[in-house]
Amino acid sequence: MLEVSNLDAYYGESIILNHINVSVPDGNVVCLLGRNGVGKTTFLKSIMGLVKTPAGSIQFDGREIIFQPTYLRARQGIGYVPQGRDIFPQLTVEENLLLGLEVCGGSGNIGEKVYELFPVLKTMLKRKGGDLSGGQQQQLAIARALVSEPKLLILDEPTEGIQPSVIQDIGNVIKRLKREGNITILIVEQYLEFVMDVSDYYYVMDKGCIVMDGATTELNQDEIQKRIAI
Ligand SMILES: Nc1ncnc2c1ncn2[C@@H]1O[C@H](COP(=O)(O)OP(=O)(O)OP(=O)(O)O)[C@@H](O)[C@H]1O
């Protein structure tokens, strides 16, 4: 589904990512772990075309996308939930969800599926996005990305600053989406238990390089904890 090879990324003249190789197979949930500031968000932004990537390859669904603008990457089926969620606080929940349709030109409807996955949103459609709790905003951001039925869903630290019961709800949604099988998921995350609960495969990043990877079932918690501890 997503094959990233020898990818470099820069902010101005500063190199942030160095020869990154990451593979996200069809139907899998893959997590990228690492300390603060090692380049995880930059990696996700590279996939979306939001940073300078002068070298390497990003193949999505068999097609090279590294030179494509962000809107085309989204239109081809990559849904992105950035860190901090980017909910529009003055718009209602429903209006925020409708914005998810803009990816495919603003046509279509919000499918019932989104409300099945996040029942809490259905009870809050007329509320302002800014009045929701952090956990509800995270659910709204994921729901908004799902409205356009992406093939690949990318989540940047979905558990950050969120209470445990909502983390569990989000984990259950990810597992359900995986079971149902129409989506592939890439998650940047620092919460190891969550990674172990939801993912098939993991990568660890340090100083802009991938330093470890493997199947989640074979993950050595102590070793990873050492690599991601601050
Ligand atoms: N817009 C920017 N301009 C210049 N440097 C940046 C910019 N955004 C991030 N950086 C730098 O790039 C490096 C990688 O940052 P990035 O946000 O990708 O790390 P991260 O692993 O996602 O960290 P965190 O978990 O804190 O989000 C850091 O040194 C950061 O200071």
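The following paragraphs walk through the sheets, a buried helix, the ligand surroundings and a few individual residues of this predicted model. Local features are described where pLDDT is at least 70 and side-chain atom pairs where it is 80 or more, while totals for chains, interfaces and linings use all residues. Residues are numbered from 1 along each chain as its sequence is written.

A good place to start is the open sheet, in which 6 strands follow the order β6-β7-β8-β3-β9-β10 with mixed pairing. Strands (DSSP runs of E, at least two residues) and helices (DSSP runs of H or I, at least four residues) are numbered from the N terminus, and two strands pair if DSSP finds at least two bridges between them. Strands β6 (78-81) and β10 (209-215) stand at the edges with a single partner strand each, so one side of each has no neighbour in the sheet. From one strand to the next, the twist averages 15°. At the β6 edge, 4 bridges link β6 in the parallel sense to β7 (residues 152-156), and Ile78 stands opposite Leu152 of β7. Helix α9 (residues 221-228) lies across β3 (29-33), β9 (201-206) and β10, and runs at about 35° to β9. Such angles, from 0 to 180 degrees, are taken between the N-to-C directions of axes fitted as lines to C-alpha atoms, for helices over the stretch in contact; contact requires C-beta atoms, placed from the backbone, within 7 Å.

Helix α6 (residues 134-146) is worth a closer look. Its 13 residues reach 18 Å from the first C-alpha to the last, close to the expected 18 Å, where the expectation is 1.5 Å times one less than the number of residues. Since 12 of these 13 residues are buried, α6 is largely enclosed by the rest of the structure. Here a residue is buried if 20 or more other C-beta atoms lie within 10 Å of its own, exposed if 12 or fewer do, and partly exposed in between, with C-beta atoms placed from the backbone. The buried residues include Gln136, Leu140, Ile142 and Arg144. Among the elements covering them are β6, β7, α3 (93-99), α4 (112-117), α5 (119-122) and α7. Helix α7 spans residues 164-180 and contains Gln168, which counts as partly exposed because it has 14 C-beta neighbours inside 10 Å.

Turning to the ligand, the residues around it are Tyr11, Ile16, Gly34, Asn36, Gly37, Val38, Gly39, Lys40, Thr41, Thr42 and Gln83; each has its C-beta atom, placed from the backbone, within 6 Å of the molecule. Helix α1 (residues 40-48) gives the most to this shell, with 3 residues. The shell divides into 3 nonpolar, 7 polar and 1 charged residue, where Ala, Val, Leu, Ile, Met, Phe, Trp, Tyr, Cys and Pro count as nonpolar, Asp, Glu, Lys and Arg as charged, and the others, Gly among them, as polar.

Strands β1, β4 and β5 complete the picture. Antiparallel pairing joins β1 to β4 through 6 bridges, with Leu2 opposite Phe60 of β4. Strand β4 is also antiparallel to β5, over 2 bridges, and Gln59 stands opposite Glu64 of β5. Most residues other than glycine have a negative phi. Asn6, in β1 (residues 2-11), nevertheless has a positive phi of about 45°, and counts as exposed because it has 11 C-beta neighbours inside 10 Å. Asp61 takes a positive phi near 55° in the hairpin of β4 and β5, which has 2 residues between the strands. With 15 C-beta neighbours inside 10 Å, Asp61 counts as partly exposed.

Note on methods. Contact = placed C-beta atoms within 7 Å.
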